[in-house]
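Open the model in a viewer and keep the sequence beside it. The stops below say what to select and what is found there.

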Amino acid sequence: MSRYSKFIGGIHRLAEVARDPIEFENAIYMVNGRSCIYALDKMLKPRNIWLPPYHCPSMRVSSKVKPLVQDHVLPGDVFILISYFGFPINDKMVDWAKDRRAIVVEDVSHGIFSVRNDKVDYRFFSLTKQLGLPDGGVLQNCDSLDLEPCEEVSSVGYQMRTVENWRPFFQSWKKMQPIGMYSMSEDSKIRLQKFDTEKQRRNYEVLYEELSSISLMGPLTDGVVPLAFPIIVNNRDELQRRLFEEKMYFPIHWDNGHPLSSVILSVVCDYRYDEDDMRSITKVINDWLLCTSTTEKDQDALDFLRRCFLAENSLI
C-alpha cells in the first residue's frame, strides 16, 4: 500500500483558458511536433533527415528520417538536434552540420521555455508534453504554410473537457494522431500559457541534491527549464514498479533500442508539484537503492553509458 495520498506524474489535465495566451515568435502552429518534421520535409525536399542516435521513434515520419551516419551527411540534408530534457544543444554539433552545408533544425520539445540556439535554421517543438493540451506543435523560422484543420482534435478536446475519465481517450488519440499539413486547434491555442519555470527548476535542483549519483544530465545550467530529471539505474523496471506502488508514474524516454533505453527513467519535476513532493520521490528511490545491490562494475558501466550519451551529442 502506498504511503502517499497524492498521485505524482502521469498525463497533464487540460489547461484552463488563458487570460493572456502566449505567442511564440515567427511561429506556425501545427497539430503536433511530428507534423512539423513532415512540413520541413515537404518544404525543403532533402535527401535525408538525420536524427541523433537517441530519439523518440515517433519522429520517424518518413523513410528519409533515420539515425545519423556521419559520413553520409550531404549538402541540403536536414540534421535535427534534440534539446534533451531542456538542456541546450551544443554549438559544436551545429557548426559540424553547417560545415557540411546541412540544414540544422533544433527540437526543443523537452524545453519549450529553455534557452534557444540562435545558429540553427529552423526550430520546432511539441506543446502537449508540458502544457496540458490535446494537440499542438510549433514550427519557427519559416514562411506561411497552407494548413487545414484536423477534425479529430475537437472530439479529443471535448472528451478532456467533459468526461471525468478522459485519459483513455487521450492515450488512444496519442497513438492515432495524424501526421500532415494540419493546423493546431483554436481550442488549444486559447489555452497556451506559461507555467512557473522557476518552480520547475527548483524541483530539479532538489532532486539533484539527493540523486546526483544517478543523474543523467547533471546539474542545471543557466536558462534551462527541464522537462524532467532523468536517472539511469540497473533494474530500472523494478524501480518503476516500486514507484507505481507509491502512486508515482514516471515515463521512459525512449524505448528505441539505444543502450540507454533499458536503464533510463524520467522522474517528473514539473510545476504541478512542490519541494515536499520531490522529497517524497527521493525517499522512495533512495530506499530502493539501499535495498538493491549494485557492484562497482555495474556502476562503472552506467557511468560509461552516461559519458557515451553525452559525448555522442557533444554535451561534454
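Contact here means heavy atoms within 4.5 Å. The model is a predicted one.

**Stop 1: H55**

Select H55, in the loop that links strand 3 and strand 4. Which residues is H55 in contact with, leaving aside its neighbours within four places in sequence? They are R60, P67, I82, W254 and N256. With R60 there is also a polar contact, side chain to side chain, at 2.9 Å. A polar atom of the H55 side chain also lies 2.8 Å from the backbone oxygen of P52. Buried means under 20% relative accessible area, and H55 counts as buried because its relative accessibility is 0%.

**Stop 2: the sheet**

Now show the strands. Seven of them make an open sheet with mixed pairing, in the order 2-8-7-6-5-3-4. Strand 2 and strand 4 (65-67) are at the edges with a single partner strand each, so one side of each has no neighbour in the sheet. From one strand to the next the twist averages 25°.

Select strand 3 (residues 49-51) together with strand 5 (residues 78-82): they run parallel and are joined by two bridges. W50 has F79 in strand 5 as its bridge partner.

Move to strand 8. Strand 2 (residues 27-30) runs antiparallel to strand 8, and four bridges join the two. Strand 7 (residues 122-126) also pairs with strand 8 in the antiparallel sense, again over four bridges. What stands opposite G137 of strand 8? In strand 2 it is M30, and in strand 7 it is S126.

In a regular strand the side chains alternate between the two faces of the sheet. Select residues 137-140 to look at both faces of strand 8. G137 and L139 are on one side, V138 and Q140 are on the other, and all are buried.

**Stop 3: helices on the sheet**

Add helix 1 (residues 33-44), which lies across strand 2, strand 3, strand 4, strand 5, strand 6 (103-107), strand 7 and strand 8. Helix 1 runs at about 150° to strand 7. Then add helix 2 (residues 91-99), which packs on the sheet and touches strand 5 and strand 6. The direction of helix 2 makes about 180° with that of strand 5.

**Stop 4: the nonpolar cores**

The largest nonpolar core has 63 residues. Which of them touch the most other members? Select I80, F85, M217, F250, L260, I281 and I285. Helix 8 (residues 275-290) gives the most to this core, with five residues.

Centre on I80. Beyond residues up to four places away in sequence, I80 touches I37, I49, W50, L51, P52, M59, V105, D107 and F124. A second core, separate from the largest, has 15 residues, including F125, L127, F195 and V225.

**Stop 5: helix 8**

Select helix 8, which has 16 residues. From its first C-alpha to its last it reaches 22 Å, close to the 22 Å expected at 1.5 Å a residue. At its start, a side-chain oxygen of D274 comes to within 3.2 Å of the backbone nitrogen of D276.

Which residues of helix 8 are buried? They are D277, M278, S280, I281, T282, V284, I285 and W288. Among the elements that cover them are strand 1 (8-9), helix 6 (197-211), strand 9 (228-232), helix 7 (236-245), strand 10 (248-249) and strand 11.

**Stop 6: helix 6**

Helix 6 has 15 residues and reaches 21 Å from its first C-alpha to its last, close to the 21 Å expected at 1.5 Å a residue. D196 caps the N-terminal end of helix 6, with a side-chain oxygen 3.3 Å from the backbone nitrogen of E198. The buried residues of helix 6 are T197, Q200, R201, N203, Y204, V206, L207 and L211. What covers them includes strand 9, strand 11 and helix 8.

**Stop 7: C269**

Finish at C269, in the loop between strand 11 (264-268) and helix 8. Is C269 buried or exposed? C269 is buried, with a relative accessible area of 0%. Not counting residues up to four places away in sequence, C269 touches Q200, N203, Y204, L207, P226, L227, A228, F229 and M278. To place C269 against helix 8, select I281 as well: the two residues are 12 apart along the chain, and their C-alpha atoms are separated by 9.8 Å.

Technical notes:
Residues numbered from 1 in each chain as written. Predicted model: local features only at pLDDT ≥ 70, side-chain atom pairs only at ≥ 80, totals over all residues. Heavy atoms only, no water. Buried < 20%, exposed > 50% of the residue type's maximum accessible area, 1.4 Å probe, protein only. Pairing = 2+ DSSP bridges. Core = buried A, V, L, I, M, F, W, Y, C linked by side-chain atoms within 4.5 Å. Axes fitted to C-alpha atoms, helices over the stretch in contact; angles between N-to-C directions. Polar contact = N/O pair within 3.5 Å; in protein donor to acceptor, adjacent residues only side chain to side chain. Expected span 1.5 Å × (residues − 1).
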